[in-house]
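Let's take a walk through this structure together. Have the sequence and the 3D view handy, and we'll go step by step.

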Amino acid sequence: MSTAWAPLRLRDVSVPNRVWLSPMCQYSADDSGAPTDWHLAHYGARAAGGVGMVVVECSGISPDMRTTTRDLGLYTEEQVAGHRRLAEAITTLGSVPAVQLGAAGRKSSHGVPWDNGGARNPVPPAEGGWQPLAPSALPFAGLTVPTEMTTRDGTRILEDVVRAARNAHRAGYQVLELHGANGYLFHEFLSPLANHRSDEWGGDLEGRMRFPLEMVRAIRIGWPEDKPLIVRLPAEDLLEGGLTTDDMVAVAARMGATGVDVVDLSSGALVPEAPRLAEPLHNARYGPRFREAGVLTAASGMVSEPHHLDEAVPDLVDAVLVGRAMLRDPYWALRARGSDPLESWPRQYHRAF
Ligand SMILES: Cc1cc2nc3c(=O)[nH]c(=O)nc-3n(C[C@H](O)[C@H](O)[C@H](O)COP(=O)(O)O)c2cc1C
C-alpha cells in the first residue's frame with residue numbers, strides 16, 4: 001500500500017492518512033457568514049469519502065478580509081456555532097477537521113464567480129461591498145484600488161487573526177491553515193510586485209516577511225500549542241522580479257521557526273497574468289527544495305489520478321491536497337485507495353459492491 005495512506009502525526013493530532021481535501025470556497029455562506037446545509041452535505045460527503053483531513057474553505061478573519069459576502073467567516077458567535085456543527089460532523093464521519101483562515105487584502109469585495117461568468121467583478125461599498133486594504137495601493141486586475149494599510153490597520157488585523165484562531169479552536173477544529181498564497185494579503189506583503197512600502201513592513205525580503213511572520217505569531221497566540229499549524233505558501237511567483245523559490249525556502253524556514261508545522265505549496269496567482277501551471281503534481285515538484293527549510297511539506301495542484309499519490313508521497317511531499325478531483329467525486333480517495341470496498345467504504349454502502 002502507498003505511503004500516502006500511512007498516518008501522519010502533527011503535534012498532538014494523528015491524521016489517519018496523507019490525502020487531504022484542499023480548501024475550496026463554496027461561496028454559499030448565509031447572510032451572517034455562517035456555514036449552511038450545503039457546507040454540511042459537501043464536507044460531510046468528503047469526510048465519509050476517506051480523506052485523512054478535510055480542510056474547510058477559506059474563512060475570513062473579519063468582514064473586510066473576505067473575498068465576497070458569501071465567504072465563511074470566523075469572527076462572530078453565530079459563525080462559530082455553524083463551524084462547530086461542521087467540525088463535529090467531519091469528526092464523526094472519520095476525518096480530521098481543519099479550517100483555512102484568510103485575509104483577502106486587495107483581492108476582496110468582489111462578486112461570487114457564478115454572478116459574472118467566473119470573472120471577478122468589483123463590488124463597491126454602495127452595493128454591499130467595502131474598501132479593500134493592502135500593503136500598497138496597487139489593484140488586482142479590475143478590482144478596486146486598495147487603501148495602503150496603516151500601522152493601526154495592521155494592529156487591528158493581527159487582533160482579528162488572534163480572535164479567528166481562538167474561534168477555530170473553540171469550534172473544534174484540530175488543524176489550522178493560514179492562507180498565505182494565491183495573491184491574498186500575506187502573499188501581497190511577501191511579493192515585491194505587490195508590496196512597495198518603504199517602512200518596516202516593506203523593502204527587502206526580511207522587511208516584506210515581517211508582517212506575515214506577525215500573522216503567524218498572532219495565530220499562535222490564539223491557537224493551542226498542541227495543535228498543528230499549516231501555511232499555504234507560493235513556491236514562487238512565476239513572474240519577472242517576483243518571489244523566487246530561493247526566497248520562499250527562506251520564508252518557509254522562518255515560518256518553521258515561528259510555529260508552522262507544514263508548508264502547503266502553491267504557485268503563481270499573484271496577478272491574473274501569472275502563468276498557470278497545469279501538469280500533474282506541478283506544486284508537489286517544489287517539495288524537495290522546501291525540505292531544506294526543516295518543515296513538513298504538502299501540495300495541491302493536479303493530483304487527480306491514483307498513481308499521482310505514489311509519485312508524490314513520500315518522495316516529493318509528506319501529504320497531498322486534492323481539489324477539483326474531489327469536487328467531481330466525493331469518493332475520489334476511497335476509489336484511489338483501491339482496497340477491498342468492504343473494508344474501506346462506509347458500511348452503509350456495502351451492498352453496492
Ligand atoms: C472552486 C474552487 C475554490 C477554491 N477556493 C480556495 C480556497 O478557499 N483557498 C485556497 O487556498 N485555495 C482555493 N482553491 C484552490 C484549491 O484549493 C487547489 O489548490 C487548486 O484547485 C489546485 O488543486 P487541484 O488541481 O487539485 O484542483 C480553490 C479552487 C477551486 C476550484
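What follows starts with the wider layout, moves on to the ligand, and ends with two spots in the backbone.

Before anything else, keep in mind that this is a predicted model. For a first bearing, look at residues 6–337: an unreviewed UniProt entry labels this stretch "domain: NADH:flavin oxidoreductase/NADH oxidase N-terminal". Helix makes up 33% of that span and strand 16%. If you find the C-alpha atoms at its two ends, you'll see that they are 11 Å apart.

Now for the ligand. Where does the ligand sit? You'll find it in the largest pocket. Around the ligand there are 15 residues, and the closest of them are Pro23, Gln100, Ser300, Met302 and Arg324. Sort the shell by character and you get six nonpolar residues, seven polar ones and two charged ones.

Next, zoom in on a few contacts with oxygen atoms of the ligand. Met302, already met among the closest residues, has a backbone N or O atom 2.7 Å from a ligand oxygen. Arg232 uses its side chain instead: an N or O atom there is 2.9 Å from an oxygen atom of the ligand. Cys58 takes part through its backbone, with an N or O atom 3.3 Å from a ligand oxygen. How much of the ligand's accessible area does the protein cover? On its own the ligand has 610 Å² of accessible area, and the protein covers 79% of that.

Finally, two backbone details. Val313 and Pro314 are joined by a cis peptide bond, with omega at about 10 degrees. Pro314 belongs to the loop that runs between helix H9 (306–312) and strand S13 (319–322). The other spot is Arg11, in the loop between strand S1 (8–10) and strand S2 (13–15). Arg11 isn't a glycine, yet its phi is positive, near 45 degrees.

Conventions:
Residues are numbered from 1 along each chain as its sequence is written. This is a predicted model: local features need pLDDT of at least 70, side-chain atom pairs count only at pLDDT 80 or more; totals for chains, interfaces and linings use all residues. Side-chain values use heavy atoms; hydrogens and water are left out. A residue is near a molecule or strand if one of its heavy atoms lies within 4 Å of it. A polar contact is a pair of N or O atoms within 3.5 Å; within protein, one must be able to donate a hydrogen and the other to accept it, and residues adjacent in sequence count only if both atoms are side-chain atoms. Accessible areas come from the Shrake-Rupley method with a 1.4 Å probe; for residues, only the protein chains shown count as cover. On a 1 Å grid over the protein atoms alone, a cavity is a set of points where a 1.4 Å probe fits but cannot get out, and a pocket is an open set with protein on both sides within 12 Å along at least five of seven lines; lining residues have an atom within 4 Å of a point. A molecule sits in a cavity or pocket if more than half of its atoms lie within 2 Å of its grid points. Ala, Val, Leu, Ile, Met, Phe, Trp, Tyr, Cys and Pro count as nonpolar, Asp, Glu, Lys and Arg as charged, and the others, Gly among them, as polar. UniProt positions are given in the numbering used here, feature names are shortened, and annotations may be inferred rather than shown by experiment. Helices (H or I, at least four residues) and strands (E, at least two) are DSSP runs, numbered from the N terminus.
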